[in-house]
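Trainee: Please choose one part of this model and give me a close look at it. Start at a single turn and work outwards.

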Amino acid sequence: MRRDRAVSDWRERGDKRAAPSAGALYPMDVYATVGKDRVEFLEAGIYHYEPQGHRLSQVTKGDLRTVTSRIALSQMWMADAPLIIVITAKYRRIAVKYGDRGTRYAVIEAGHIGQNIFLQAEALGLRAGIVGAFDDEKLKEAMKIARSHEPLLMMPVGYGRE
Ligand SMILES: Cc1cc2nc3c(=O)[nH]c(=O)nc-3n(C[C@H](O)[C@H](O)[C@H](O)COP(=O)(O)O)c2cc1C
């Protein structure tokens, strides 16, 4: 999708997002590790997706794909992907209304977001993978993920090997 189109879609939707969210409480955040010279217009670093404005903010500089792949129980194939997306949940945002059940809703929402990433990757002629095996605390520390955001899924995205 072209960026100007994406921004105008966001304006029309108001605060809504591309994935459903119980009570429209949006407990999820999306981060990404971007490799050096691997993604057009983005320098290597960690990014946080800002839904309001459909923007990325840079958290740190540097190519951390090897580090984050080691944290994913050394699944080093992940480090070949130009981009590794991480989906996190801040359970407190949803527990306010739904209590413990909010955890279930957040995990379901992570599945919706992950599926959107798979679909968007396919639409762009890319491939995506999904990884649940990683050390939560080490990943948070390496990617400067807010302490209250729990990483649920890592999704390497790139061109597949035929
Ligand atoms: C919650 C979840 C966690 C997963 N974690 C990993 C993982 O850590 N490493 C990996 O290589 N694949 C992981 N997978 C992918 C599965 O291994 C994969 O979906 C399965 O083998 C079926 O293959 P397919 O998705 O290509 O059909 C995960 C999938 C899910 C849904």
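**From the hairpin to the whole sheet**

Mentor: Begin with the hairpin of β2 and β3. Four residues lie between the two strands. In the turn, Gly 53 has a positive phi of about 100 degrees. This is a predicted model, in which local features need pLDDT of at least 70, side-chain atom pairs count only at pLDDT 80 or more, and totals for chains, interfaces and linings use all residues. Residues are numbered from 1 along each chain as its sequence is written, and side-chain values use heavy atoms, leaving out hydrogens and water. Strands (E, at least two residues) and helices (H or I, at least four) are DSSP runs, numbered from the N terminus.

Now follow the two arms. Strand β2 covers residues 45-50, and β3 covers residues 55-61. They run antiparallel and are joined by six bridges. Strands pair when DSSP finds at least two bridges between them. His 48 faces Ser 57 of β3 across the pair.

Step outwards. The hairpin strands belong to an open sheet of six strands, ordered β3-β2-β1-β4-β6-β5, with antiparallel pairing. At the edges are β3 and β5 (127-128), each pairing on one side only. Seven bridges link β1 to β4, again antiparallel. There, Val 30 has Ile 87 of β4 as its bridge partner.

Which residue of β6 deserves a closer look? Take Pro 151, in a strand that spans residues 150-158. Pro 151 is buried, because its relative accessible area is 4% and buried means under 20% (exposed is over 50%, partly exposed in between; 1.4 Å probe, protein chains only). Leaving aside residues up to four places away in sequence, Pro 151 touches Val 86, Ile 87, Thr 88, Phe 134, Asp 136, Leu 139 and Lys 140. Contact here is heavy atoms within 4.5 Å. Ile 87 is thus a name you have met already: it is also the bridge partner of Val 30. Asp 135 is 16 residues from Pro 151 in sequence, with the C-alpha atoms 9.2 Å apart.

Two helices lie across the strands. Helix α4 (residues 101-123) lies across β1, β4, β5 and β6, at about 5 degrees to β6. Helix α5 (residues 136-143) lies across β1, β2, β3, β4 and β6, at about 65 degrees to β6. The axes are lines fitted to C-alpha atoms, for helices over the stretch in contact; angles run from 0 to 180 degrees between N-to-C directions.

Return to the backbone. Most residues other than glycine have a negative phi. Ala 24 does not follow: its phi is positive, about 50 degrees. Ala 24 sits in the loop between α1 (3-13) and β1 (28-34). It is partly exposed, at 44% relative accessibility. Leu 73 is another non-glycine residue with a positive phi, near 50 degrees. Its loop runs between α2 (65-71) and β4 (83-89). Leu 73 counts as exposed because its relative accessibility is 59%.

Last, the ligand. Around it are Gln 75, Trp 77, Ile 130, Val 131, Gly 132 and Ala 133, where near means a heavy atom within 4 Å. A ligand nitrogen is 2.7 Å from a side-chain N or O atom of Gln 75. Backbone atoms take part too: a ligand nitrogen is 3.1 Å from a polar one of Ile 130, and a ligand nitrogen is 2.8 Å from a backbone N or O atom of Gly 132. Polar contacts are N or O pairs within 3.5 Å.

Note on methods:
A polar contact is a pair of N or O atoms within 3.5 Å; within protein, one must be able to donate a hydrogen and the other to accept it, and residues adjacent in sequence count only if both atoms are side-chain atoms.
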